[in-house]
Amino acid sequence: MGETTLILVRHGETEWNRQRRIQGQQDSALTAEGRYQAARVSEAIAHEKIRAAHASDLGRAIDTAKIICGPKDLAFKPDHRLRERGFGQAEGETWDNSLKRHGEKFQRSYSGIDYAELGIEPLGAVRDRAFASLQEIAQANPSQTSLVITHGGILAVILKEILGLPLNGPRNFDLRNCAINRIINESGAWKLASWGETRHLENQSLDEL
């Protein structure tokens, strides 16, 4: 059996992204830039043979998936396991205000692997549900390429787990909206193929879309 490839894409920019608000499992609309980013992804992967597409069931991921998959006439399946990490009481707040309001309790919970307060989802739980989804996608489409539209927090956990980095360690990597990332499953084991492809987002203005 050959390699099974998953193309992972973070949703397009949202209004709350611009405001530096914690979205978690709440939602805000894609900006014009976010819709543009999604359209550029669609163009970038137009030549690729994609067997299946899956997306988080949150609105910003669904809207991104519609733009990406529409030109390929590719149906996508929503999956709640691909949702962003839940941030409980901090959702809707800016990062700065959340730190001021909740202080050390927020910082501990943000880094919590097995336990977190304030209704924040532990990182270990995020990892487990994300990889359960990815494993099912890989098993259902062996030796094929599948597309997954998800969130920055999910992508961070996936990359750290594949590279053997601490889940609560710093993010020393890019999580740009609508960057293209590729992981491979071979005989049940995951490995990284590429991360943070952004060439498709460069050298074209929004007015040209």
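**Pocket lining.** I sorted the residues that line the largest pocket of this predicted model and obtained 13 nonpolar, nine polar and nine charged. The lining comprises 31 residues. I then looked up which of them lie nearest the pocket centre and noted Arg10, Glu84, Trp95, Tyr110 and Arg171. For the volume I recorded about 660 Å³.

I next asked which elements give two or more residues to this lining. They are α1 (15-18), α4 (95-110), α5 and α6. Of these, α6 supplies the largest share, with five residues.

**Nonpolar cores.** I turned to the largest nonpolar core, which has 24 residues. The members that touch the most others are Leu6, Leu8, Leu134, Val148, Ile158, Ile183 and Trp190. Two or more residues come from each of β1 (4-10), α5 (123-140), α6 (152-163) and β6 (189-197). I noted that α5 and α6 thus appear both here and in the pocket lining. Apart from this core I found another, of 18 residues, including Ala55, Cys69, Ile149 and Ile180.

I examined Leu8 individually and set aside residues up to four places away in sequence. Its contacts are then Leu134, Val148, Leu155, Ile158, Ala179, Ile180, Asn181 and Ile183. Among these, Ile180 is listed in the 18-residue core. In soluble globular proteins, nonpolar side chains tend to be buried together.

**Salt bridges.** I counted 16 salt bridges in the structure. Side chains of opposite charge can pair when their charged atoms come close. I inspected three of the pairs for distance and exposure.

In the pair of Glu13 and Arg18, the closest N and O atoms are 2.8 Å apart. Are the two partners buried or exposed? Glu13 is buried, because its relative accessible area of 14% falls under the 20% cut-off. Arg18 is exposed, because its value of 55% is over 50%.

For Arg81 and Asp79 I recorded 3.0 Å between the closest N and O atoms. Here both Arg81 and Asp79 are buried.

The third pair joins Glu186 and Lys191, at 3.4 Å from N to O. I noted a relative accessible area of 33% for Glu186 and of 36% for Lys191. Both are therefore partly exposed, as each value lies between the 20% and 50% limits. I also asked which residues are linked with this pair in a network of salt bridges. Glu3 is linked with Glu186 and Lys191 in such a network.

Conventions: Residues are numbered from 1 along each chain as its sequence is written. This is a predicted model: local features need pLDDT of at least 70, side-chain atom pairs count only at pLDDT 80 or more; totals for chains, interfaces and linings use all residues. Side-chain values use heavy atoms; hydrogens and water are left out. A nonpolar core is a set of buried Ala, Val, Leu, Ile, Met, Phe, Trp, Tyr and Cys residues joined through side-chain atoms within 4.5 Å. Buried means under 20% relative accessible area, exposed over 50%, partly exposed in between (1.4 Å probe, protein chains only). Helices (H or I, at least four residues) and strands (E, at least two) are DSSP runs, numbered from the N terminus. Contact means heavy atoms within 4.5 Å. A salt bridge is a side-chain nitrogen of Lys or Arg within 4 Å of a carboxyl oxygen of Asp or Glu. On a 1 Å grid over the protein atoms alone, a cavity is a set of points where a 1.4 Å probe fits but cannot get out, and a pocket is an open set with protein on both sides within 12 Å along at least five of seven lines; lining residues have an atom within 4 Å of a point. Grid points are joined across faces, edges and corners, and a volume is the space filled by probe spheres set on the points. Ala, Val, Leu, Ile, Met, Phe, Trp, Tyr, Cys and Pro count as nonpolar, Asp, Glu, Lys and Arg as charged, and the others, Gly among them, as polar.
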